[in-house]
There are 2 protein chains.
Amino acid sequence: MYTRTLSKPDGRALRLYSRRPISDTIASPPSSPEGAPANSHMRWHPLRSEWVAYAGHRQARTFLPPAEHNPLAPSNDPDRPSELPVGDYDVAVFDNLFPTFSENATAQPPEIVETRPAKGACEVVVFTQDPSQSLGRLPLSQIELIFEVWADRYVDLGRRDDVRYVMPFENRGVEVGVTLHHPHGQIYAYPFVPPIPAVELEAQRAYRQAHGCGLLERLMADEVADGRRILYLSEQAIAVVPVCARYAYEVWIAPRRPATSVADLTSHERCEMARALKTILLKFDRLWGQAFPYVMVVHQAPTDGHDHPEAHLYMAFYPPYRMRGRLKYLAGSELGAGAFTADTLPEAKAAELRAVEVTLD
Amino acid sequence: MYTRTLSKPDGRALRLYSRRPISDTIASPPSSPEGAPANSHMRWHPLRSEWVAYAGHRQARTFLPPAEHNPLAPSNDPDRPSELPVGDYDVAVFDNLFPTFSENATAQPPEIVETRPAKGACEVVVFTQDPSQSLGRLPLSQIELIFEVWADRYVDLGRRDDVRYVMPFENRGVEVGVTLHHPHGQIYAYPFVPPIPAVELEAQRAYRQAHGCGLLERLMADEVADGRRILYLSEQAIAVVPVCARYAYEVWIAPRRPATSVADLTSHERCEMARALKTILLKFDRLWGQAFPYVMVVHQAPTDGHDHPEAHLYMAFYPPYRMRGRLKYLAGSELGAGAFTADTLPEAKAAELRAVEVTLD
């Protein structure tokens with residue numbers, strides 16, 4: 001993997017990644033879409049014992065622009081501002097123009113609860129230069145490269161003192177609020193270990209202490225033995241509708257060895273994770289013959305300065321549909337109690353997805 | 001309050017509530033809309049350490065029926081099946097035709113994670129016989145009656161061995177997935193203390209132990225002293241956009257005395273809670289001159305057989321809009337990390353709602 005780091009006119013970083021050497025002649029685009037001063041802060045929610053981040057400047061962010069104003073389509077034309085320059089590279093990562101978390105956040109006036117500057121980082125990961133593609137339709141080699149990019153960002157951001165958890169994710173589809181259709185994901189680098197990973201890591205820590213092996217490793221071994229919910233299986237990687245799926249079409253993809261993060265994957269595991277990922281994304285899109293929306297989140301070890309042998313990398317997909325044409329709304333029970341109620345059994349949804357045939361290149 | 005309990009032809013309970021004596025001549029409607037056998041189960045999610053409930057029979061549930069098939073409009077006509085009989089009563093509560101949790105749930109085949117029958121109850125609370133009304137437009141006396149109904153259900157359901165947490169809630173608007181527009185709420189009686197109340201009660205318990213007073217009581221006192229986010233204030237009740245709001249228009253309504261549940265409210269407090277509630281709902285609907293969608297959830301003490309002096313009743317509103325015409329989508333950060341990112345400051349949203357003038361009868 002080759003990489004080059006540029007600086008945008010407004011000071012934001014732009015990182016280019018490629019399988020081939022990147023030409024020195026590629027420069028940052030001459031102008032950027034217009035942003036707003038980023039100065040977010042966090043407030044402590046004393047009842048839920050969690051941080052809430054406030055970024056007032058985000059109200060103005062780009063909302064489903066027409067194709068000719070796609071800020072992720074490479075352009076060197078000053079009249080068509082873009083985040084990305086024209087040139088030969090495969091993947092690009094840049095600092096979000098409307099970041100919720102930012103290294104530059106400064107202290108705010110006190111409130112009646114504890115406040116802190118919303119330090120950290122928000123990055124955009126552009127999966128391809130081609131706006132008509134999707135993550136799942138990219139060649140396997142490009143998907144592998146994206147895993148390498150995530151690993152690079154995990155290590156680089158994780159080194160920072162103000163970053164305790166690095167989370168790559170992708171929101172896909174207007175159903176989950178996507179504002180730009182060009183294939184891209186995001187990375188949030190939090191200044192704290194967020195509530196959901198914190199709960200999961202605690203369960204994993206307790207299990208490892210009690211049983212001497214990994215919780216997810218064990219659960220995946222049980223899934224393999226059961227077999228009904230498996231969507232992809234090789235010696236290195238597994239994809240499954242988990243037995244305890246909260247969303248109808250929830251899928252988890254994990255390395256079978258408990259790699260703690262994307263940076264901990266071997267080259268062989270990365271290839272197999274890419275194959276599993278492409279398999280799932282093609283199954284999703286072929287299920288109803290249409291682009292299948294989802295929220296995808298990478299769960300991995302915190303970068304809080306401690307060892308996390310209990311962590312086991314996995315990617316989780318949370319699709320909003322519970323059946324064709326019917327969304328699952330999160331309402332009273334899910335939002336108010338945190339108790340998920342599912343209309344369908346994981347076995348039945350796994351059977352639907354297992355029946356969708358896909359062939360990789 | 002007068003009350004009468006009837007039994008539907010299919011065995012489900014129907015409870016009528018009124019300010020006036022209820023005639024003996026009111027009988028359960030001769031036929032009910034068609035349901036499905038309710039036999040849900042729960043599976044343990046070992047990573048999140050929480051129960052997920054599966055109710056396959058719910059896929060078939062009623063979805064935005066035309067007005068003439070509104071199953072909540074009283075009818076004694078066998079050709080127009082209804083859940084409610086014609087007659088003089090104010091509020092009705094009946095067992096949900098498609099319950100996620102049910103007293104009759106039985107053991108299911110084992111899975112690779114622990115499973116349990118989804119015991120408990122799901123009830124529907126019909127706020128008025130008039131389909132064109134809304135909770136906020138009901139007379140104060142009717143809203144007070146609804147608080148009494150919630151208290152009755154809290155005590156009655158909470159007595160059951162299979163019920164550890166009673167949660168009244170209302171989902172309002174198609175934006176949060178509502179399938180019936182007739183004004184109604186629901187009550188879920190869980191066989192466990194759900195994750196969100198569990199976290200909040202633990203924070204309240206620790207605070208009370210450390211400071212000798214209630215966490216929410218203290219936070220509300222600080223809100224009163226600050227003043228910027230207060231929407232309603234009397235000696236008995238408060239409504240506020242909390243300093244740590246996660247949703248743009250989030251509002252909490254609480255008794256100022258730390259009543260532990262709806263059943264613990266004095267008559268005077270119930271009146272004042274009703275006034276605060278009506279004030280907020282009228283402000284919501286007048287803000288943009290349209291029915292304002294929300295998820296409303298009552299947070300209160302568990303019914304798990306233990307004392308909960310740390311609990312402090314409050315109603316929380318989670319509206320899906322972040323500004324006029326723009327929904328807040330829960331995506332990567334909220335669903336994957338549990339970390340809320342808000343586009344607006346609670347002070348700004350409180351100012352919008354404070355500017356909306358309403359007068360109560």
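**Strands, helices and the two-chain contact**

Reader: In strand 2 of chain A, which residue is the bridge partner of A:T3?
Author: Strands here are DSSP runs of E with at least two residues, and helices are runs of H or I with at least four, both numbered from the N terminus. Strands 1 and 2 (residues 13–18) of chain A are antiparallel, joined by 6 bridges; two strands pair if DSSP finds at least two bridges between them. In strand 2 of chain A, A:T3 has as its bridge partner A:Y17.

Reader: What kind of model is this?
Author: Residues are numbered from 1 along each chain as its sequence is written, while chains are lettered from A and ligands numbered from 1 in the order in which they are written. Local features need pLDDT of at least 70, side-chain atom pairs count only at pLDDT 80 or more, and totals for chains, interfaces and linings use all residues, since this is a predicted model.

Reader: How many residues of strand 1 of chain A are buried?
Author: A residue is buried if 20 or more other C-beta atoms lie within 10 Å of its own, exposed if 12 or fewer, and partly exposed in between, with C-beta atoms placed from the backbone. Strand 1 of chain A covers residues 2–7 and lies largely in the open, because of its 6 residues the number buried is 0.

Reader: How many residues of strand 9 of chain B are buried?
Author: Strand 9 (residues 184–190) of chain B pairs antiparallel with strand 7 (residues 121–126) over 6 bridges, and B:V125 is there the bridge partner of B:G185. Strand 9 of chain B also pairs antiparallel with strand 8 (residues 165–172) over 5 bridges, with B:Y165 partnered by B:Y190. Strand 9 is mostly covered: of its 7 residues, the buried ones number 6.

Reader: Which strands stand at the edges of the open sheet of 4 strands?
Author: The sheet has the order 17(A)-4(B)-3(B)-6(B), with mixed pairing. An edge strand has a single partner strand, so one side of it is left without a neighbour in the sheet. Those edge strands are strand 17 (340–342) of chain A and strand 6 (115–117) of chain B.

Reader: Which residue of chain B does A:A342 stand opposite?
Author: Strand 17 of chain A and strand 4 (residues 50–54) of chain B run parallel and are joined by 3 bridges. Within strand 4 of chain B, the residue opposite A:A342 is B:Y54.

Reader: Which residue of chain B does A:A53 stand opposite?
Author: Strand 4 (residues 50–54) of chain A pairs in the parallel sense with strand 17 (residues 341–342) of chain B, over 2 bridges. In that strand of chain B, A:A53 faces B:T341.

Reader: In chain B, which residue has the C-alpha nearest the axis?
Author: Copies are superposed by least squares on the C-alpha atoms of residues with pLDDT of at least 70 in both. A turn of 180° and a shift of 0.0 Å along the axis lay chain B on chain A with an RMSD of 0.0 Å. That is the relation of a two-fold axis. At 4.6 Å from the axis, the nearest C-alpha in chain B is that of B:L330.

Reader: On the side of chain B that touches chain A, how many residues are nonpolar?
Author: The contact takes 64 residues from chain B and 64 residues from chain A; two residues are in contact if their C-beta atoms, placed from the backbone, lie within 7 Å. The copies meet through the same surface, because 100% of the interface residues of chain B are also interface residues in chain A. Ala, Val, Leu, Ile, Met, Phe, Trp, Tyr, Cys and Pro count as nonpolar, Asp, Glu, Lys and Arg as charged, and the others, Gly among them, as polar. On the chain B side, 14 residues are polar, 11 are charged, and the nonpolar ones number 39.

Reader: Is A:S49 buried or partly exposed?
Author: A:S49 sits in the loop between strand 3 (41–45) and strand 4 of chain A. Its phi is near 55°, a positive value in a residue other than glycine. With 14 other C-beta atoms within 10 Å, A:S49 is partly exposed.

Reader: How far apart in space are A:P81 and A:P33, C-alpha to C-alpha?
Author: A:P81 lies in the loop between strand 4 and strand 5 (91–95) of chain A. Not counting residues up to four places away in sequence, A:P81 touches A:S31, A:S32, A:P33 and A:P71. A:P81 and A:P33 are 48 residues apart in sequence, and their C-alpha distance is 5.6 Å.

Reader: How far apart are the end C-alpha atoms of helix 1 of chain B?
Author: The expected span of a helix is 1.5 Å times one less than its number of residues. Helix 1 (residues 140–158) of chain B has 19 residues and should span 27 Å. Its buried residues include B:F147 and B:W150. The end C-alpha atoms agree with the expected span, being apart by 27 Å.
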